[in-house]
Amino acid sequence: MSDRRRAEQGEERVLRPRRAAPADAVRPTRAEINLGALRHNLRVITKALSGDQPPRVWAVLKADAYGHGAPAVARTLERAGVDGLCVALLEEGIELRAAGIDCPITVMGGYYGPLHRGLEDALEHQLTPVLYDSEGVSRLAQLARERDRKLEFHLKLDTGMARLGAPPGNVDALLDEIAARPELSLTGLMSHLACADDTSSEATTIQLTRFAKAREKLASRRLVPGVCHVANSAAALAFPESRHDAVRPGIALYGISPFFNQPTDERLQSIASELKPVMRVRSEIVALRTLADGERVGYGLTWAAAGPRTIATIPMGYADGLWRALSNRAHVLVRGRRAPIAGVVSMDLTSIDVTDVPGARLGDEVVVLGAQESPDRPGGKAVANAISTEDIARIVGTIPWEIITNISRRVPRFYREP
Ligand SMILES: *Cc1c(COP(=O)(O)O)cnc(C)c1O
């Protein structure tokens, strides 16, 4: 039976976000995913990596492709010639196989340890497992013997982040064990960097040195490491020595600079400025009212009208990913102009002050994330205004990664081919 059939019959461990589907969408709140921008960003990254021996690009599609919808992103990148895909969860890999994705998929988050049957599922779906301990190695070796075939895996090393990966003290014993298992085929050696976005930090050099030392340990046991990969978006762009055989960009593919709140040189700034945001989130004005001086808005009545004010309501709230921390602090775009959020963002609804947006009316588009043109500006020239993930992250006090992965499943994704 095909993965897809099984998924439909509910027999599989497929991640099913059950997101609102565009065809069912009545509410005019939606995320628009620009697949052309995604391909453009892949080209920008590939160009930045060009050289004598450019690394392979393995796109990171964890967390539903950072909220953009993993199946559509995977299909687009596969057709655009990406060399492979990486996910964090086994379930995410199964979801991609069920969607008909054929290219190599590495499950970076590991196999969930010996207490779970992650390895069996990975094999069944042609997903490359990542191992980091002796239990995983002996379990995979056992599965190889049962199946009477050589099984491939990647080995993850902890080079200083102390998260997942074989700790330095365990590497020798683990490599001895791998060398003694001819039924296994080590096709990748990987690590992850803690501070790659900070080009002034020494941490990356230290981690890369440890990785190089581990490679020597492999060589002394005649183990061939296969594809070596350590670089996320920031490292791939900022540290050429981190590129090895493959790089694992995530955030940059979605058009967001990996150097958030970090100083960068001209070269990195210019690359980051070429990236185009892939997601745009928009809603619409569904109610309008005029408030008199002193009248208040929203839960807790935290916002008061200073003079007569026009308040518009949009059908989007914190349960959609419009952060409550933006209450009384952020702006949205209406008719190309910035309109402040008035009062507290509630679960499903948000009020905005459109007093200074001439002509604001029911049905007007409200942009929460991304660009909006104002064709009705005096002089007749279209002007674009924009709200970036970085803008929102600064106000919320977090990083763009968390903003972009937080648009919830209630918001249908509409795919745009420009
Ligand atoms: C998320 C992740 C990446 C991609 O990171 P970005 O900063 O989004 O480019 C790469 N490798 C691993 C192991 C990750 O978890």
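The following paragraphs describe the ligand site of a predicted model and an aromatic pair that involves one of its residues. Because the model is predicted, local features need pLDDT of at least 70 and side-chain atom pairs count only at pLDDT 80 or more, whereas totals for chains, interfaces and linings use all residues. Residues are numbered from 1 along each chain as its sequence is written, and side-chain values use heavy atoms, with hydrogens and water left out.

The ligand is surrounded by 13 residues, the closest being K62, Y66, S233, G250 and I251, where a residue counts if one of its heavy atoms lies within 4 Å of the ligand. By class, this shell holds six nonpolar, four polar and three charged residues, with Tyr counted among the nonpolar, Lys among the charged and Gly among the polar.

Oxygen atoms of the ligand lie 2.6 Å from a polar side-chain atom of K62, 2.5 Å from a polar side-chain atom of Y66 and 2.8 Å from a polar backbone atom of G250. Of the 380 Å² that the ligand exposes when taken alone, the protein buries 92%, as computed by the Shrake-Rupley method with a 1.4 Å probe.

Y66 also takes part in one of the two aromatic pairs found in the whole structure, a pair being rings whose centres lie within 6.5 Å. The ring centres of Y66 and Y254 are 4.7 Å apart and their planes stand at 25°, so the pair is stacked, a term for planes under 30 degrees apart. Because Y66 lies in helix 3 (residues 62-66) and Y254 in the loop between strand 9 (246-247) and helix 11 (266-274), the pair ties together parts that are 188 residues apart in sequence; helices (H or I, at least four residues) and strands (E, at least two) are DSSP runs numbered from the N terminus.

Methods. A polar contact is a pair of N or O atoms within 3.5 Å; within protein, one must be able to donate a hydrogen and the other to accept it, and residues adjacent in sequence count only if both atoms are side-chain atoms. Rings of Phe, Tyr and Trp (its six-membered ring) pair if their centres lie within 6.5 Å; planes under 30 degrees apart count as stacked, over 60 as edge-to-face and the rest as tilted.
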